Amino acid sequence: MSFYPLVFIVALLHAFVGWRLAPELAAPWGWLLGVGLVFSAVLMPLGLVGSRVARQPWADRLSWVGLLLMGLFSTLFVLTALRDVLLLAVWVMSALGVAFSAPLSLASLRTLSAEITPLMTLLITALGFLNARRTPAVVRVDVPIAGLPAALHGFTLAQISDIHVGPTIKHAFLQRIVAKVNTLGADVVAITGDLVDGRVAELAGHVAPLAGLQSRHGTFFVTGNHEYYSGANAWIAELRRLGLTVLMNEHVVLYHGKGSAPDAQDDSQTVAPLVLAGVNDFTAHHFDLTHKSDPALALHGAPANALVRVLLAHQPRSAQAASDAGFDLQLSGHTHGGQFWPWNLFVPLQQPFTAGLNRLQNLWVYTSRGTGYWGPPKRFGAPSEITALRLVAA
């Protein structure tokens, strides 16, 4: 959607909220709400176009204000709509002859709910901000794999996803994530896309902490849709320069156990191979036909004696193709777990899974709620995470 139609729609939504709430509030609160809504309607769209209308550091400051207001107004609008549903239900019941006591009369309920709605909005937004900006907690998940070789029992993958380095997430935030991942002593670090919201020239310095990630077998990355909004090829080159392995419809074979070399692979109790594959984002072909996501291609040529096959795929909807290709586990992100209520309710309209460990035929799919956030610095009901996944025998 272009900018001016967006501004018009935002203005209409703000006008609706003002119409439904402000007349019910006593002075000066009604006027203050009205002024705040005008302020929000003007500045909120700038959260998405800060870099187009100002230079740094003002571009980021405009984005911060606009995105904070976006999160605030989103909740205010939803609660206002729910308030109207409640009032309509009470009106219908009153019309049908249901009697209510004075505190629950329609007039009293209109005033009380108009007062409560902005207060609840402020509380939810404040809690959401704190949840979004804190260092993500570690979520530990055991994944049962049938026929898991003894050498791979306890193999750990540290997954981070959907960090969205950009206007409000910078070097310090990412450095805290890296430091926490490094405490896990993981065998592999997997970054499942949507790392950035911006060009290499703008954000390379803020992404640099990724070079400090530590694990036994290295750090592996697959693209998300936001990489393609931000210049995917340039970011692929930059991440490789930092020492990350970018998997583009391809795989690596990791030999894991007491030894680490392929010449020890005959002793299945000592060393076992694991195939780690990665695909480009599910929508990558819309930006570059040569990047079309293909789990089967990613597995092509994998050794037959590699009994465990793990796929990194940004979007959970890659799962059907991954299952058909013969993978055992897929690690995804993209959904943010909905990020904040009620948007989590709409994720199933596009994706088969919203969050957590799920099963599709013979494939396990783990969907991260994300390690950062997109847009509003707000998480409510969908906390961010660093995931420590451990392979165990089924």
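Modeller: Quick definition before we start: helices here are DSSP runs (H or I) of at least four residues, numbered from the N terminus. And keep in mind that this is a predicted model.

Colleague: Fair enough. Which helix gives the largest share of the lining of the second largest pocket?

Modeller: That pocket holds about 440 Å³ of space. Its lining takes at least two residues from each of helix 2 (29-43), helix 4 (58-95) and helix 5 (106-133). With seven residues, the largest share belongs to helix 2.

Colleague: And what residues sit closest to the centre of that pocket?

Modeller: The lining has 19 residues. By class they split into 15 nonpolar, three polar and one charged. The ones closest to the centre are W29, L32, L33, P118 and L122.

Colleague: Now helix 1 and helix 4: are they parallel or oblique to each other, and why?

Modeller: Helix 1 covers residues 3-21, and its axis lies 10 Å from that of helix 4, at an angle of about 45 degrees. Angles under 35 degrees would count as roughly parallel, and 65 to 115 as roughly perpendicular. The angle falls in neither range, so the two helices are oblique.

Colleague: How many charged residues are in the contact of helix 1 with helix 4?

Modeller: This crossing is left-handed. Helix 1 brings L13, H14, F16, V17, R20 and L21, while helix 4 brings F73, L76, F77, T80, R83, D84 and L87. Sorted by class, the contact has eight nonpolar residues and two polar ones, and the charged residues number three.

Note on methods
Residues are numbered from 1 along each chain as its sequence is written. This is a predicted model: local features need pLDDT of at least 70, side-chain atom pairs count only at pLDDT 80 or more; totals for chains, interfaces and linings use all residues. Side-chain values use heavy atoms; hydrogens and water are left out. On a 1 Å grid over the protein atoms alone, a cavity is a set of points where a 1.4 Å probe fits but cannot get out, and a pocket is an open set with protein on both sides within 12 Å along at least five of seven lines; lining residues have an atom within 4 Å of a point. Grid points are joined across faces, edges and corners, and a volume is the space filled by probe spheres set on the points. Ala, Val, Leu, Ile, Met, Phe, Trp, Tyr, Cys and Pro count as nonpolar, Asp, Glu, Lys and Arg as charged, and the others, Gly among them, as polar. Axes are lines fitted to C-alpha atoms, for helices over the stretch in contact, and angles run from 0 to 180 degrees between N-to-C directions. Angles under 35 degrees count as roughly parallel, over 145 as roughly antiparallel, 65 to 115 as roughly perpendicular and the rest as oblique. A crossing is left-handed if the near helix is turned anticlockwise from the far one by less than a right angle, and right-handed if clockwise. Contact means heavy atoms within 4.5 Å.
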